[in-house]
Number of protein chains: 4
Amino acid sequence: MIRQNHPPVPAVKRAGCTNLGDMNDRSPALLVADTGRGNEAAILNAALAAFGAQGFNGASMREVAKGAGTSLSNLYNYFPSKSHLLAEVLRRANAELEARVRRAVADAGDDAASRMREAVRAYVGFVVDQQLAMLVSTAEVRYLQGEDRSRLVADRDRTQAIFADIVEQGVAGGEFRTPHAADAARAVLSMVNAVATWYRPDGRLSRGQLAEQHARYALALLEAPLPRA
Amino acid sequence: MIRQNHPPVPAVKRAGCTNLGDMNDRSPALLVADTGRGNEAAILNAALAAFGAQGFNGASMREVAKGAGTSLSNLYNYFPSKSHLLAEVLRRANAELEARVRRAVADAGDDAASRMREAVRAYVGFVVDQQLAMLVSTAEVRYLQGEDRSRLVADRDRTQAIFADIVEQGVAGGEFRTPHAADAARAVLSMVNAVATWYRPDGRLSRGQLAEQHARYALALLEAPLPRA
Amino acid sequence: MIRQNHPPVPAVKRAGCTNLGDMNDRSPALLVADTGRGNEAAILNAALAAFGAQGFNGASMREVAKGAGTSLSNLYNYFPSKSHLLAEVLRRANAELEARVRRAVADAGDDAASRMREAVRAYVGFVVDQQLAMLVSTAEVRYLQGEDRSRLVADRDRTQAIFADIVEQGVAGGEFRTPHAADAARAVLSMVNAVATWYRPDGRLSRGQLAEQHARYALALLEAPLPRA
Amino acid sequence: MIRQNHPPVPAVKRAGCTNLGDMNDRSPALLVADTGRGNEAAILNAALAAFGAQGFNGASMREVAKGAGTSLSNLYNYFPSKSHLLAEVLRRANAELEARVRRAVADAGDDAASRMREAVRAYVGFVVDQQLAMLVSTAEVRYLQGEDRSRLVADRDRTQAIFADIVEQGVAGGEFRTPHAADAARAVLSMVNAVATWYRPDGRLSRGQLAEQHARYALALLEAPLPRA
DNA sequence: AATGAATGAGTGTTCATTCAT
DNA sequence: AATGAATGAACACTCATTCAT
C-alpha cells in the first residue's frame, strides 16, 4: 500500500514546467454542499479527498469512513459500492463544470472568439476552484465500469462538445483559421485540463491571470487574429 | 479490486473528443529490449503492461510475474519492491523520450521555430510509438516516493526544460510573440502529452499527420508567424 | 518453518536435570477468562498456546485464528498486529503474577523470612498454574519492541522489585546474612522462573512440595538461619 | 518480521533485577575458531550471531550468509539445512562448556564443596566468555528435532550430571545438608544459566567476582557450612 | 441511519531450499 | 567450493463487503 507522505515540492519547483499531478496537501475541496440526506455530503467529500490523495485503488473505504466521520458499514447505507461512490463523485464534479461553462457561453457575445474566451475562462476557473475534483476526474475515470462508466463518458462528451461547437462555428465564420478544426478543441481542452496538475494557489499567477492567459493560448492555437499584446 | 473487463469502446467514440485515458487492449509496447540479465526485460515489459491495464495499485505482482512468464518470488531477485519496479519502468521510458527529443533538436535548424517543430514532432512520435509508456508515466508517477520520485522528477524536468529553453530563445529572438512565455512551454507539453490519452493506431490521422498538426498547434500557441494554410 | 512433531520426551528424562524448555503438550492454560468482548479471550488464549508451541516467529496468525475458532482477518479487529497480541498476552500474564505475589506478601508476617517464603510460594504456585504463560513470558519478550517492550519491562521490574525489597529488608534487619544482597534477589528469581522449564504436572513433586522446597532454597541462598530439616 | 532495532537499554536498567534476555549488541562471540574447512567457521559464527539477534525462526539463511561473507547457496555446501546449522552451533557450544567444567572439577580438591565451587566458577566463566552462545543454547534448543535434538539433550544431560554427582557426593558425605538433594543441582544450574540473560561486560561486577559470588550462592543453597562473610 | 463484528479473497513480500553452471 | 537465478509455500496484514443488532 502506498502511503503518500512525500514532502511538499519546494517552491522553486512550483514555477517549473514539471507536471507531476500531485494530489496531496490540497485544501479540502468541498465539492458537495449538504445534500439534506444525513452524512451523504460528508461521505462524498471524504471520498474525493481519499481518491485524490491515494488514487481509487489506493484509497480504502475505511479511510473514506474516517474522513467522513462515520462508520465503515454506514457507507453502504448511502452507496452500494466503492465504484458507485466514485461514480457519484465524478458525476457531480462534471455536472458543476458543465453548468459553469454552459452559463459562461450563454452570457458571452455571439462571436466565436468571445464565446471561446469565456468558455476557457470558466473552465480554468473551475479547475482552480475544484482542482482536486478535476484531478480525480481525470485520473480515476478509468476505474469506472459498465453503466457508470458510459454515463460519465456521455456527460463528459457533452461538456467537451461545447468547445467543439464553438470551434466549428469559428472556423465556419472565418474567425479561426486553424486548418485542423476537427482536433483543435481537444488540444485546447488538454491544455486547460492540465492546469489541474500543476496549479498552486500560492503560485505566481492569480486565478484571473491564469484564466486570461489560457484564453489567449486557446485563441492563438485556433489561429484567431490576436491583439498585439 | 477492479477487474477491467469493460467492452471495447465503440469506434464512433474514438473519433469523438473524449479523453478517457483507457489503457487496455493496446499492443504490448515493448519498451525494453533484452537487457542481457535473465528475465529483466520481460519483467519490465510485463510491469508496464500491468500498470497500464490496471493502474499501479490495481495491478498485482502476481500479474506481472505471470505476464513475464516467471514466478512471483523471482521478481524480487530483480527489483526489491513493486515501487522500484515502477520507478525503473518510468526511468527507462523517460530516458528514451529525452534521448529522442534531444536528438531531434540537435538535428534541427538554428531558429527557434524549426527547433520547436522538431521537438514537438519527436515528442508526438514517441507518444505514438510508446503510448502505453506515456500513459503510465503520466498516471502513475504519483505512486513513487522518496528518492525514486525525486530522481524521476529531475529526469522529467530536464526533458521539459528542452522545450522551455526553445521558447525562451524564440521569445528573445522575436520569433515567438506570446506575452506569456514563462508558461507557454508547459501548455505545449500538456497538449502533446494528452495525445497519449486518445490516440488510436487505427484513427483518422497517421503518425506523421499527428506530429505535423501538433507542431502547428504549438507554433500557433507561441504566436509564431504562420504560413497561410 | 518448524513443525514441532517431536515425540514425547520419555518419562525417565522428566526426573532428570535437563532444562529443555519444551512447551508443547501442555494443557491449554486458560490465562484469560471471558473479557466480555466477543472473541477476545479466545484469541488471547489461542495466542498463548501458539506462541508457546512454536515461538513467536514460528507461530502464525492463521494458527492463532484457528485456535480461537475465528477467521484470520477478525484477529485484526481486536489486535492491530501480531506484536500487540503478544504484548497483551504478556501484560496479562505478568499482571496476574504480580497480583498474586503482592497479595501473598501482604498476607505474610512482618519478618523478611516469612515474607520471602510466601513470595516464593506464590511465585512458584503461579509458575505451576500458568506454566505456559511463564515460559512464553520468559522466551518471547525479546520480540517486543518500542513502547510495548518498555511497558512490559517496567511491569516486570515492579514484580521483581518486590523480592529485592524483601532481601534488602532482611539484610538490613540481620535476618539474611548473604554478603551479596544486591544480586541475591535475581538469583532467587532465576531459580523459580526456571521451574517453568522443567515442571511436569505428573512429576514426582506436588505443587505444594515444589513451592515449599523452593522457599527453602531461597532462604538458604540468602543465608537465613534454617531449621535443621 | 521482527527487525530488532531497539535502542540500548539505559545504564540504570542494567543494574536492575530485570532478566530480559536481550541478545543484541553483544560483541561477536567468536565461538568457533578456524576449522580448516573453507568458510565453515565464519558460517557457524554468523549463524550464532543471527540466531542470537533474531531467534532461530526470526533469522534467515540470507542473513547468515551475509554475516559469513558468502553466498546464500554456498551455505548448503556446508550444512544441509538451517536446523542442522543450529544443531552444530549448539553442539559446539555445549562441548566447550562441558570440557571446561570437567577440567575444573578434575583440578579441584576431593571434597564436594571444592568441586562444586570450581564447577560453578567454570560454568559462570563460560557464561561470561560465551554469553551469546549460552543464550542461544538456552533459547533455541526447542527448534531442534529428531536426532539432532536427542543428541543435544544427551550432551547437555552429561554436563548437568556433573553437578548432580557432586551434590550427591556432598550429601552422602554430610557436607551438604539440603533436604532436597534430588533437585538442588537443577536449582544451582538455573541460577548460573540465568547469568547469561542479564550479564553486561561493563557491569558492576567483574568476571571473577561474578563467579565467586555464584559459587557462594550455590554452596549456601546446598546448605554447606559457610565462612562468616 | 447507524454500528461493531465478522469473513474470504487478496496484497506485497520473504522464506528455505534447489539447480545449472 | 562457489554463485545467481529460480521456485512454491508461507507470511503478516488489508480489502470490500455483509450481517445481526
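**Close-up of DNA strand F: an N or O atom in the side chain of Thr70(D) lies 2.9 Å from a phosphate oxygen of DNA strand F.** The model shown is predicted, and local features need pLDDT of at least 70 while side-chain atom pairs count only at pLDDT 80 or more, whereas totals for chains, interfaces and linings use all residues. Residues are numbered from 1 along each chain as its sequence is written, chains are lettered from A and ligands numbered from 1 in the order in which they are written, and side-chain values use heavy atoms, with hydrogens and water left out. For Tyr76(C), an N or O atom of the side chain is 3.0 Å from a phosphate oxygen of DNA strand F, while Ala59(A) reaches a phosphate oxygen of this strand with a backbone N or O atom at 3.2 Å. Two or more residues of the surface near DNA strand F come from each of helix H3 (61-68) and helix H4 (72-78) of chain A, helix H4 (72-78) of chain B, helix H3 (61-68) and helix H4 (72-78) of chain C, and helix H4 (72-78) of chain D; helices (H or I, at least four residues) and strands (E, at least two) are DSSP runs numbered from the N terminus. Of the 36 residues around DNA strand F, those that come nearest are Ser73(B), Tyr78(B), Leu72(C), Ser73(D) and Tyr78(D). Of the atoms of DNA strand F that come within 4 Å of the protein, 53% are accounted for by sugar and phosphate.

**Close-up of DNA strand E: Ser73(A), Tyr78(A), Lys82(B), Ser73(C) and Tyr78(C) come nearest among the 36 residues around this strand.** A residue counts as near a molecule or strand if one of its heavy atoms lies within 4 Å of it. Sugar or phosphate contributes 51% of the atoms of DNA strand E within 4 Å of the protein, and the rest belong to bases. A polar side-chain atom of Thr70(A) is 2.8 Å from a phosphate oxygen of DNA strand E, and an N or O atom in the side chain of Tyr76(B) likewise lies 2.8 Å from a phosphate oxygen of this strand; for the side chain of Asn39(A), the corresponding distance is 3.4 Å. By class, the residues of the surface near DNA strand E divide into ten nonpolar, 18 polar and eight charged, where Ala, Val, Leu, Ile, Met, Phe, Trp, Tyr, Cys and Pro count as nonpolar, Asp, Glu, Lys and Arg as charged, and the others, Gly among them, as polar.

**Close-up of helix H3 (residues 61-68) of chain B: the buried residues are Met61(B), Val64(B), Ala65(B) and Ala68(B).** They cover an arc of only 100° around the axis, so they lie on the same side of H3(B); the arc is that of the directions from the helix axis to the C-beta atoms. Arg62(B), Lys66(B) and Gly67(B) are exposed on the other side of H3(B). Buried means under 20% relative accessible area, exposed over 50%, and partly exposed in between (1.4 Å probe, protein chains only).

**Close-up of Arg142(A): this residue is placed in the loop between helix H7 (131-140) and helix H8 (146-172) of chain A.** With a relative accessible area of 4%, Arg142(A) is buried. Its side chain makes a polar contact of 3.2 Å with the side chain of Tyr143(A), and another polar contact, of 3.1 Å, joins the side chains of Arg142(A) and Glu140(B). A polar contact is a pair of N or O atoms within 3.5 Å; within protein, one must be able to donate a hydrogen and the other to accept it, and residues adjacent in sequence count only if both atoms are side-chain atoms.

**Close-up of salt bridges in chains C and D: the side chains of Arg117(C) and Glu212(C) meet at 3.6 Å, N to O.** Arg117(C) lies in helix H6 (residues 112-129) of chain C and Glu212(C) in helix H10 (residues 207-221) of chain C, so the pair ties together parts that are 95 residues apart in sequence. A salt bridge is a side-chain nitrogen of Lys or Arg within 4 Å of a carboxyl oxygen of Asp or Glu. Arg117(C) is partly exposed at 29% relative accessibility, as is Glu212(C) at 33%. In chain D, Glu212(D) forms a salt bridge with Arg121(D), their closest N and O atoms being 2.3 Å apart. The side chains of Arg102(C) and Glu98(C) also meet in a salt bridge (2.7 Å, N to O), and both residues lie in helix H5 (residues 82-107) of chain C, four residues apart, about one turn of the helix. Arg102(C) is partly exposed, with a relative accessible area of 40%, whereas Glu98(C) is buried at 10%.
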